[in-house]
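Take a look at the structure below. This report walks through its parts, one topic at a time.

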Amino acid sequence: MSVTVRVPAKVNVQLAVGAARPDGFHDLANVFLAVGLYDEITVTPADELRITCTGPGADRVPLDTTNLAARAALALAARHGIDPRVHIHIAKDIPVAGGMAGGSADGAGALLACDTLWSLNSPQSELLSLCAELGSDVPFSLLGGAALGVGRGEQLTPLAVGGAFHWVFAVADGGLSTPTVFQEFDRLAAGKAIPPPTPDPALLDALRTGDAAALADTLSNDLQPAALSLRPSLAATLTTGTTAGALAALVSGSGPTTAFLTKDEETATQVATALQSSGTCHTARPTTSPARGATVVGLDRV
Ligand code: C5P
């Protein structure tokens, strides 16, 4: 038997970052939106726990127990006294170390896939609390749609979204490490007063009404200056997308993927073509949001 789960990437339409906490994390007001780029995780019984990975950037994905998919399988198995002997295959399409929660998606996907393979039928609340132990963004990867995340981003309140938004994601060459970007945020913030992070009511309204122009006016990412400081070439990518007709551009999460909101599908195609031919990114991917959270898409009983 094997089980396949599909899990979406995310963009943070608002990422408000507070001061560093004693535990090293930062308090956030994090408005997550799931977008239609997906990893697929397939689990199959095997002699021992092992991971394989294919797709763009697969050579940069760890295949040991530092991989969130392996940690998810081990955590679920430990909770239920199960021997975690599974082969986890990750078919990657979410940019690796790109600020789109690709690793978190694999953690959430492996958790749901193993839960299904082992017929555990865990309630969603139990899976969400296991996800929160794995990483700050993992609960949202399970949930999908749109949500406000507070605390370190793991305490979620689902948000209503009034319509489809069109996006282009410009995938950069290479990744950025999330802890490094937060450290750069701290360095740039040194000596400045950092207000407590709060969600922007105008942005939540724009999501609720499905108003792309209003969402474009309210997009914000406090990690953007840190990502640009570490990767100055991203400024040219952002300018290319807005010049080509995007309503707004921003760094996705901790980067280096950049996100472009457009008014419709046709403009998204136009912006993607301009980005692709500009040489300022590796690949330009048009897609839409919101997207469904982790979903079982294949169940093979052979
Ligand atoms: O939770 P996760 O393991 O994904 O976080 C990775 C790193 O990102 C943390 O070790 C920390 O350096 C940084 N981080 C943070 N504040 C958050 C979330 C992540 O500083 N709210």
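## Asp137 and its contacts

This is a predicted model. Start with Asp137. Setting aside residues within four places in sequence, Asp137 is in contact with Lys10, Ala101, Ser104 and Gly153. Asp137 sits in the loop between helix H3 (124-134) and helix H4 (138-143).

Is Asp137 buried or exposed? Asp137 has 28 other C-beta atoms within 10 Å. The cut-off for a buried residue is 20 or more, so Asp137 counts as buried.

## The active-site pair

Why look at Asp137 together with Lys10? The UniProt record, an unreviewed entry, places the feature "active site" at Lys10 and Asp137. These positions are spread over 128 residues of sequence, yet they cluster in space. The largest C-alpha distance is 9.2 Å.

Lys10 belongs to strand E1, residues 2-20. Lys10 is buried too, because 31 other C-beta atoms lie within 10 Å. Not counting residues up to four places away in sequence, Lys10 touches Phe32, Leu33, Ala34, Val35, Met100, Ala101, Asp137 and Phe140. Ala101 is thus on the contact list of Lys10 and on that of Asp137.

## Around the ligand

Which residues are around the ligand? They are Gly24, Phe25, His26, Leu28, Gly135, Ser136, Asp137, Arg152, Gly153, Thr178, Pro179 and Phe182. Strand E2 (26-45) and helix H5 (178-189) are the elements that give two or more residues to this shell. The largest share, three residues, comes from H5.

Sort the shell by class. It has four nonpolar, six polar and two charged residues. Asp137 appears here again, after its place in the active-site record. The shell also draws on both domains: at least three residues come from each of domain 1 and domain 2.

## Two domains in contact

The domain assignment splits the protein chain into domain 1 (2-159 + 291-300) and domain 2 (165-289). Their centres, taken over C-alpha atoms, are separated by 22 Å. How many residues of domain 1 are in contact with domain 2? There are 31, and they meet 36 residues of domain 2.

Look at the side of domain 1 that touches domain 2. The elements giving two or more residues to it are E1, E2 and strand E5 (146-150). By class, this side has 22 nonpolar, seven polar and two charged residues.

## The largest nonpolar core

The largest nonpolar core holds 98 residues. Those that touch the most other members are Ala69, Ile88, Ala110, Leu111, Trp167, Val168 and Leu261. E2 gives the largest share of this core, eleven residues. Where does the core lie with respect to the domains? Domain 1 and domain 2 both give residues to it, so the core lies between them.

Ile88 serves as an example. Leaving aside neighbours within four places in sequence, Ile88 is in contact with Ile41, Val43, Ile51, Ala69, Ala70, Ala73 and Ala110. Two of these names, Ala69 and Ala110, also stand in the list of core residues that touch the most other members.

## A span from the record

UniProt, again in an unreviewed entry, places the feature "domain: GHMP kinase N-terminal" at residues 67-145. This span is 58% helix and 8% strand. The C-alpha atoms at its ends lie 24 Å apart.

Note on methods
Residues are numbered from 1 along each chain as its sequence is written. This is a predicted model: local features need pLDDT of at least 70, side-chain atom pairs count only at pLDDT 80 or more; totals for chains, interfaces and linings use all residues. UniProt positions are given in the numbering used here, feature names are shortened, and annotations may be inferred rather than shown by experiment. Helices (H or I, at least four residues) and strands (E, at least two) are DSSP runs, numbered from the N terminus. A residue is buried if 20 or more other C-beta atoms lie within 10 Å of its own, exposed if 12 or fewer, and partly exposed in between; C-beta atoms are placed from the backbone. Two residues are in contact if their C-beta atoms, placed from the backbone, lie within 7 Å. A residue is near a molecule or strand if its C-beta atom, placed from the backbone, lies within 6 Å of it. Ala, Val, Leu, Ile, Met, Phe, Trp, Tyr, Cys and Pro count as nonpolar, Asp, Glu, Lys and Arg as charged, and the others, Gly among them, as polar. Domain bounds come from an automatic or database domain assignment. A nonpolar core is a set of buried Ala, Val, Leu, Ile, Met, Phe, Trp, Tyr and Cys residues joined through C-beta atoms within 7 Å.
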